[in-house]
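Trainee: Could you walk me through the aromatic contacts in this one? I have the model open.

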Amino acid sequence: MHKAFKFRLYPTKEQTILIHKSIGCSRFTFNHFLARWNEFYDSTGKGLTYGTCSAQLTALKKEIDWLREVDSTSLQNTLKHLADSFSRFFKKQNDRPRFKSKRNRVQSYTSQCNHPKKGKATIEVIANRIRLPKLGWVKVAKSREVEGRILSATIRRNPTGKYFVSVLCEINACPVVSVSKEKVIGVDLGLKDFAILTDGTQVKPSRYFRQYEKKLAKAQRIMSQRTKGGSNWHKARI
């Protein structure tokens with residue numbers, strides 16, 4: 001089975017710049033080949049293949065220097081995601097893939113972990129640090145131990161400018177939990193109470209919005225006074 005471990009990243013200034021470059025290069029690669037894919041599909045009714053796009057990517061990297069500054073496996077993974085999206089589109093499992101925007105709330109890229117016969121894997125977690133391709137060792141808030149064989153790592157930047165890494169691992173054994181009838185319990189979700197259990201336990205709602213309603217209103221007033229798109233507006237938004 002596959003299992004993901006998500007941690008908060010604390011990159012340096014230089015690593016942050018490279019993360020932004022990697023996200024931008026992945027987005028450019030996706031949009032570039034999506035345009036070619038759409039053109040080929042509109043003219044023939046068929047899609048391109050991952051192998052065809054991969055060969056074209058090699059030629060494209062010779063023309064565009066900055067594509068060679070980032071991890072090559074992240075660009076290959078972008079092509080795999082595009083090919084998978086079109087494959088599911090042809091099977092009528094989802095809509096046609098759309099172009100990615102730098103204004104999307106969450107920006108990310110995925111690096112593949114290579115396991116050479118000699119030497120160490122390209123992605124590894126030791127203590128409170130993780131080694132990522134091109135980035136090197138990055139400080140991480142590790143809340144639990146990573147288990148299994150590492151397959152890939154997805155680096156994300158959320159709307160508030162925080163960075164996270166999701167490490168995908170392959171685990172040989174699937175844990176089996178035996179549950180006796182005595183431990184089974186019913187849960188009823190309600191309006192007044194968040195949940196009522198069959199043993200009579202009542203779980204009160206947290207009401208987070210009501211707790212921070214005044215604070216949110218004040219933050220919205222401050223944001224409305226800022227020039228939209230400016231640096232102070234983005235600080236207020238965060």
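Mentor: Sure, and here's a term to start with: buried means under 20% relative accessible area, exposed over 50%, and partly exposed in between, with a 1.4 Å probe and protein chains only. This is a predicted model, where local features need pLDDT of at least 70 and side-chain atom pairs count only at pLDDT 80 or more, while totals for chains, interfaces and linings use all residues. Residues are numbered from 1 along each chain as its sequence is written, and side-chain values use heavy atoms, with hydrogens and water left out.

Trainee: Is F89 buried or exposed?

Mentor: Look at helix α3, where F86 and F89 both lie, 3 residues apart; helices are DSSP runs (H or I, at least four residues) numbered from the N terminus. F86 comes out at 0% relative accessibility. F89 has 18%, so F89 counts as buried.

Trainee: What kind of aromatic pair do F86 and F89 form?

Mentor: Rings of Phe, Tyr and Trp (its six-membered ring) pair if their centres lie within 6.5 Å; planes under 30 degrees apart are stacked, over 60 edge-to-face, and the rest tilted. Here the centres are 6.0 Å apart and the planes at 90°. That makes the F86 and F89 pair edge-to-face.

Trainee: Which residue lies over the face of F30?

Mentor: For a charge over a ring, NZ of Lys or CZ of Arg must be within 6 Å of the ring centre and within 35 degrees of the ring normal. K6 does this at F164, 5.1 Å from the centre. Over F30, at 4.6 Å from the ring centre, you'll find K100.

Notes:
Helices (H or I, at least four residues) and strands (E, at least two) are DSSP runs, numbered from the N terminus.
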